[in-house]
Amino acid sequence: MQQAQAHVEDLRLDTERRLTCKGSALVRFEYLNWNVYIRRNKSKKRPDPERLERVKRIFRKEGCLPRHVEHHIPAVIDQRRLDAALEHARRKGRWKGNTLPSNYATINSQDGYPELEFPGGIECLRGRHRIEAGKVWLPPTEKWWIVDLYLSGISYELETVLVEEYANEEKPCDGEIYRKIREYQCLPHQGNSQVSPITCVSLEMRWWARFNKNREKRLRGLLRNRMLTAGFDALSNIPGLFDAGMMVTTLHTVLATRCYEEIQCYLQYTGTAWDGFLKGVERGRQRVDTVTVKHVELRAPAASTLDAEYLRGKILGGAIFSGFSAQERAVICENVLAFKGVIPSLFTFFQDIHLLQACVDSFKLLVTVDSDQTLYTALGRGYTSRQQSQRAQTSETTFRSQTASPRDCLRLGYLQLFAFALRNYKHLSMPPAKENVKEMPRARADPEVIQQFAALSAQLGFNSPEIDALTRASGPLPLPGAGTQEPIPILVTTGPGERIEHRHGLPRANTFEEDRKYLFLHNLCEDSDDIGEGITSFFVLKSWFTAFFDPPRGLTRAGLSAEGPGPEPPLAAHQQAHEEDVNMGEARPRTPIQRELEQEEEQIIQETRR
């Protein structure tokens, strides 16, 4: 059925193409306009520098070959202006016939292509990078291209096909393919759609065909997960951010974590950060390009004076955010420099997911996650504590206390388990499920650390058959020790600090051994206004934790009690303070997904009380 529909659609479009294509002509660059192209591709208002350089490299190696049929550029022109251009060419002796040469024409002229002039220009549907490269590469006498001329008024479907046909200089990235697939999946549900549902399916399949079997499988796996798909869809509204970082090949790792709430949190955190950069600028999302994203991501402008100086020069000088006016860039610069933390992006997400996966592997020792559960819901259903306070570990041998509602106690316990897993993930690794599996060298699992992990889980109120089995073989964790030192981390430093290329993914061995002694929840939650020339590796880990977990900002060393319950700021205040930090002072309402998660947490608590 699908093949028959595709055949009918292809025949219809090919028939329309033959009827509306009036032939090909040589047209000089000054007559080529891109208004329709930009309207259909708002993220491509300015040529992509990387693609431009790629075309220049092709020209250097292969030469510029505008006459090859596959290199022609489609454009639209009304019949009256085409007739006038042909008449002008005949008067000047440039052309003798009444029709233009074309690979669709029944008779093909041997006289080459006539040069036609179009005062006011014609609208090209693709090929902009070819022309921009030609302006630089070609001598003045050769600044022309062969254009296939279609009558204006062609159907939206044919126009779409002509815009999206493969062009050598515009091989689409994973992000663009994802956006196009989702566009045609959602288009039939829009009331103002100009494309029939059958055509949408055909156009969608054209984009799926650009993936190999493995990539298609991984993307289809993501699209079956509504929560994560919603998160990626939201980020795709900033095409430059999305295209600069989308990695379909890593989606299997994303799905394997089963930490869908945390992944959604990271994606939303990223989108909120970039929306915050554009606060006060109208219609800015479509104007953010990939070059800008690559310069901005991983910087920490509010903490590092060197990062702030770098970004200020790039933004105000127009090297990045180049699609914005000088006045708009001044506003953007102020917003960017106010961001606390390492600036996230979709690229950093796909790098940071590997550390999350390393931590998640540790939890396989504590709980079995069923197919209909996430790690959070699986642990939550085993949360048995009914107390109105939660223990908070502040060092390897020191605990304090925090009063909280049952729901918040569950959340605080869960975050502490992740802090423990982050400190000890190298010593909590599970053995491979299959024999003879090749893997990177890693430390052997430490039985003592595993028992400590299980004991901490039990004392925080979690229960499971795996936890019970492990705790039977070990005693309780040490009681609070008077005078035990609670180390305080350093977040900023003199000099450049942690290098840009080390600010994502798995931590480096030479710094992690020092950082791990600070990886307790209060250190990861406590806000800081420290400023230095550079940031430390612990600052990077703290930013990683913030992006995935959105921890309560009010949980500080000073706010915890060593002897009994202490005052607790409301969790809503924690969340609001964090949102204001990310959004430069503008609080935002809870999203439907966040409300669903809160309801799910409440349901878990109610079940444990029965």
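## Exercises on helices, salt bridges and cores

D233 counts as buried, because its relative accessible area of 19% falls under the cut-off of 20%. The model used throughout these exercises is a predicted one.

**Exercise 1.** Determine which residue forms a salt bridge with R182, and where in the chain the two partners lie.

*Solution.* Begin with the atoms: R182 forms a salt bridge with D233, and the closest N and O atoms of the pair are 2.7 Å apart. Next, place the partners in the chain: R182 belongs to helix α7 and D233 to helix α10 (residues 226–235), so that the pair, with its members 51 residues apart, links distant parts of the chain. Finally, consider accessibility: R182 counts as buried because its value of 18% lies under 20%, and D233, at 19%, is buried as well.

**Exercise 2.** Decide whether D174 and R215 are each buried or partly exposed, and state which helices their salt bridge ties together.

*Solution.* The closest N and O atoms of the salt bridge between D174 and R215 are 2.6 Å apart. D174 lies in helix α7 (residues 174–186) and R215 in helix α9 (residues 213–223), so the pair ties together parts of the chain that are 41 residues apart in sequence. With a relative accessibility of 13%, D174 counts as buried, whereas R215, at 26%, counts as partly exposed.

**Exercise 3.** Explain how K135 and E132 are placed relative to each other in helix α5.

*Solution.* K135 forms a salt bridge with E132, with 3.4 Å between the closest N and O atoms. Because the two residues are three residues apart in helix α5 (residues 128–137), about one helical turn separates them. K135 counts as partly exposed, its relative accessibility being 40%. This pair is one of 28 salt bridges that the structure holds.

**Exercise 4.** Check the length of helix α13 against the expected span, and work out how its axis runs relative to that of α10.

*Solution.* For the length, the 18 residues of α13 (residues 260–277) should span 26 Å at 1.5 Å a residue, and the end C-alpha atoms are indeed 26 Å apart, so the two values agree. The helix is mostly covered, with 17 of its 18 residues buried. For the direction, the axes of α10 and α13 come within 9 Å of each other and cross at roughly 10 degrees. An angle under 35 degrees counts as roughly parallel, and α10 is therefore roughly parallel to α13. The contact is made on the α10 side by M227, L228, G231, F232 and L235, and on the α13 side by Y260, E261, I263, Q264, L267, T270 and G271.

**Exercise 5.** Identify the residues with the most contacts inside the largest nonpolar core, and the helix that gives the most to that core.

*Solution.* The largest nonpolar core has 127 residues, and those with the most contacts inside it are F232, W274, F321, F349 and F418. Helix α19 (residues 406–424) gives the most to this core, contributing 11 residues. A second core, separate from this one, has 30 residues, among them Y31, C64, I73 and L100. To examine one member of the largest core, set aside the neighbours of W274 within four places in sequence; W274 is then in contact with I238, L241, V288, V293, V296, F321, I343, P344 and S345.

**Exercise 6.** Find where F321 and D550 lie, and decide whether each is buried or exposed.

*Solution.* Most residues other than glycine have a negative phi. F321, although not a glycine, has a positive phi of about 50 degrees, and D550, likewise not a glycine, has a positive phi of about 45 degrees. F321 is placed in the loop between α15 (305–316) and α16 (326–337), while D550 lies in the loop between α24 (537–549) and α25 (571–582). F321 counts as buried because its relative accessibility is 0%, and D550 counts as buried at 16%.

**Exercise 7.** State which residues are in contact with Q416 once its neighbours within four places in sequence are left aside.

*Solution.* Q416 lies in helix α19 and, with a relative accessibility of 4%, counts as buried. Beyond its sequence neighbours within four places, Q416 is in contact with Q390, R391, A392, Q393, L456, L460 and L521. For the wider setting, 54% of the 610 residues of the protein chain count as buried, and the chain has 26 helices and nine strands.

Methods
Residues are numbered from 1 along each chain as its sequence is written. This is a predicted model: local features need pLDDT of at least 70, side-chain atom pairs count only at pLDDT 80 or more; totals for chains, interfaces and linings use all residues. Side-chain values use heavy atoms; hydrogens and water are left out. Helices (H or I, at least four residues) and strands (E, at least two) are DSSP runs, numbered from the N terminus. The expected span of a helix is 1.5 Å times one less than its number of residues. Buried means under 20% relative accessible area, exposed over 50%, partly exposed in between (1.4 Å probe, protein chains only). A salt bridge is a side-chain nitrogen of Lys or Arg within 4 Å of a carboxyl oxygen of Asp or Glu. A nonpolar core is a set of buried Ala, Val, Leu, Ile, Met, Phe, Trp, Tyr and Cys residues joined through side-chain atoms within 4.5 Å. Contact means heavy atoms within 4.5 Å. Axes are lines fitted to C-alpha atoms, for helices over the stretch in contact, and angles run from 0 to 180 degrees between N-to-C directions. Angles under 35 degrees count as roughly parallel, over 145 as roughly antiparallel, 65 to 115 as roughly perpendicular and the rest as oblique.
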